[in-house]
Amino acid sequence: MTLTADIALESRDVAVDLVVETGETLALLGPNGAGKSTVLAALAGLLHPRGTVALDDRVLSDTGTRTWVAPHDRGIALLAQEARLFPHLDAGDNVAFGPRARGQSRTEAAATAARWLDEVGMTAHAHRRPHELSGGQQQRVAIARALATEPRVLLVDEPLSALDAEAAPEIRDLLRRVLAERTTVLVTHEVLDAALLADRVAVMDAGRVVDTGETTRVLSRPRSDFGARFAGLNLVRGVASDGALLMADGRLLHGLAESPVADGQPVAAVVAPSAVSIHLTHPHGSPRNSLDAVVTELEPHGHLVRVRTDLLSADVTPAAVAELRLHRGSAVVLAVKATEVHLHPSRPLSLA
Ligand SMILES: Nc1ncnc2c1ncn2[C@@H]1O[C@H](COP(=O)(O)OP(=O)(O)OP(=O)(O)O)[C@@H](O)[C@H]1O
C-alpha cells in the first residue's frame with residue numbers, strides 16, 4: 001500500500017506533502033512542536049486536514065470532494081508512546097479485541113491473538129493484565145494489538161520514549177522485525193531510531209518538511225539546520241562478518257554489537273564524529289580501526305572543523321586541519337576505536 005498525503009492544518013500552521021511507498025518506513029524527525037504528531041493524527045483521521053490522504057487509489061480524506069473515511073475504517077493502526085492497553089483485559093484479550101471487532105469468532109480471534117503474542121515474545125504473559133506487566137512488556141502487547149488488526153499502514157509515535165534504557169533496545173529490535181515489510185510512518189526524536197528503523201527520513205521544522213531523503217543521506221549529509229544539529233552521527237551500513245561490519249566495498253569496521261548478530265545479517269554502525277581521528281598514514285600497533293578515506297568537505301562545527309569523507313565524518317581542531325593540510329580530495333586514514341563503534345541489527349541493505 002502506498003500512502004500519499006498532501007495536507008494542511010492552518011490552525012497549527014502545518015502543511016506537508018508525503019509519499020510512503022509500499023513496505024517502506026518513513027521516519028518523521030524534528031524538534032518539539034514541529035508538527036510530527038499532528039501529521040500522524042491527520043493521517044489516522046483524528047484531525048480533519050485540508051487536502052487529500054489516500055492509500056493506493058482509495059481516498060481516505062479529500063476536502064475537494066468532501067470524502068471522509070472514519071478512523072476505524074482506514075486500515076491504519078496508530079501505536080502511541082504509551083501502550084494504552086485496556087486495563088480490565090488481560091494481554092490475550094487486549095490483542096484479540098481488534099480481530100473480534102472486525103468480525104472474527106471468539107476462537108479465531110483467540111488464535112490470532114496467540115499468534116501475535118508469540119511474535120512479540122509474550123505468550124507466557126497472555127493471562128496477565130496490564131498492571132502486572134512492565135512498561136516494555138506492555139509496549140510489546142500494544143505492538144501485537146496494533147498488528148493483529150492487519151493494518152495496511154502502521155503509524156508509530158515515539159514508541160520508545162516512555163521506556164527505560166534497558167527495555168528500549170529490545171523493543172527497537174522487535175519493531176525493526178515487525179516493520180520490515182510494512183508501510184509505516186514513525187515519529188521520533190531519536191536519531192538512532194531513524195537510523196535503524198527507517199528507509200527514508202523527512203525532517204520537519206515549524207510545520208514544514210525541510211529535508212527528505214534516504215536515511216543514510218539525511219543523517220550523514222543533512223540539508224537542514226535542524227538535521228545537521230540532530231544528526232551529528234556517522235552511520236555506516238553493511239553486513240555482519242565475524243563480529244565486525246563488512247561494507248559493500250570490502251572494508252571492515254570493528255565494533256561492539258549491542259545484541260548478537262549472525263554473520264551475513266544487515267548491520268548499521270553508529271560512530272560519533274568526535275571519536276574519529278584523522279591521520280595521513282596508518283597508525284602502527286594500535287587496536288583501532290584504520291580506514292582509507294578521501295576528504296569530501298570541510299565545514300565549521302562550533303570551535304572545531306567537521307571533516308566529511310567518503311566514509312565517516314570527523315570533528316578535528318582547526319590546527320589539525322592546517323597541520324595535516326586537509327582539503328577536498330585529500331587521501332587520509334581515519335582511526336576509530338572499536339569500543340566507539342556501536343553495531344546494531346539494521347534494515348536490509350536493499351532498502352537502505
Ligand atoms: N491539541 C492541540 N491543539 C492546538 N494546537 C496544537 C495541539 N497540539 C499541538 N498543537 C500545535 O500544533 C503544532 C505542531 O505540534 P505537534 O504536537 O504536532 O508537534 P510535534 O512535532 O509532534 O512535537 P512533539 O515532538 O513535542 O510531540 C504546534 O504549534 C503545537 O503548538
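**Ligand shell, sheet and helix packing**

Good morning. Sorted by class, the shell around the ligand holds 2 nonpolar, 6 polar and 2 charged residues. I should say at once that what we have here is a predicted model.

Let me name the members of that shell. In sequence order they begin with Arg12 and Val14 and continue with Gly30, Asn32, Gly33, Ala34 and Gly35, ending with Lys36, Ser37 and Thr38. Which element supplies the largest share of this shell? That is helix α1, with 3 residues.

Helix α1 also brings us to the sheet. The helix spans residues 36-44 and lies across β1, β2 and β4. Relative to β1, which covers residues 3-9, helix α1 runs at about 115 degrees.

The sheet itself is open and is formed by 5 strands, in the order β2-β1-β4-β5-β6, with antiparallel pairing. Strands β2, residues 14-20, and β6, residues 67-68, each have a single partner strand, so they stand at the edges and one side of each lacks a neighbour in the sheet. As a reminder, strands of a sheet pair through backbone hydrogen bonds, either parallel or antiparallel. Taking one pair in detail, β4 (residues 50-55) and β5 (residues 58-62) run antiparallel and are joined by 4 bridges. Valine 53 has serine 61 of β5 standing opposite.

I turn now to the packing of helix α2, residues 91-101, beginning with α3, residues 106-119. The axes of these two helices come within 8 Å and cross at roughly 120 degrees. Angles from 65 to 115 degrees would count as roughly perpendicular; α2 and α3 are therefore oblique to each other. Their crossing is right-handed. On the α2 side, the contact is made by Ala91, Gly92, Val95, Ala96, Pro99 and Arg100. From α3 come Glu108, Ala109, Ala110, Thr112, Ala113, Trp116 and Leu117. By class, this contact of α2 with α3 has 9 nonpolar, 2 polar and 2 charged residues.

What of α2 and α4, the latter being residues 135-148? Here the axes come within 7 Å and cross at roughly 20 degrees, which makes α2 roughly parallel to α4. The crossing of α2 and α4 is right-handed. Helix α2 contributes Ala91, Asn94, Val95, Phe97, Gly98 and Pro99 to the contact, and α4 contributes Val141, Ala144, Arg145 and Ala148. The residues in this contact of α2 with α4 divide into 7 nonpolar, 2 polar and 1 charged.

Thank you for your attention.

Definitions and conventions:
Residues numbered from 1 in each chain as written. Predicted model: local features only at pLDDT ≥ 70, side-chain atom pairs only at ≥ 80, totals over all residues. Axes fitted to C-alpha atoms, helices over the stretch in contact; angles between N-to-C directions. Parallel < 35°, antiparallel > 145°, perpendicular 65-115°, else oblique. Left-handed = near helix turned anticlockwise from the far one by under 90°. Contact = placed C-beta atoms within 7 Å. Nonpolar A, V, L, I, M, F, W, Y, C, P; charged D, E, K, R; others polar. Pairing = 2+ DSSP bridges. Near = placed C-beta within 6 Å.
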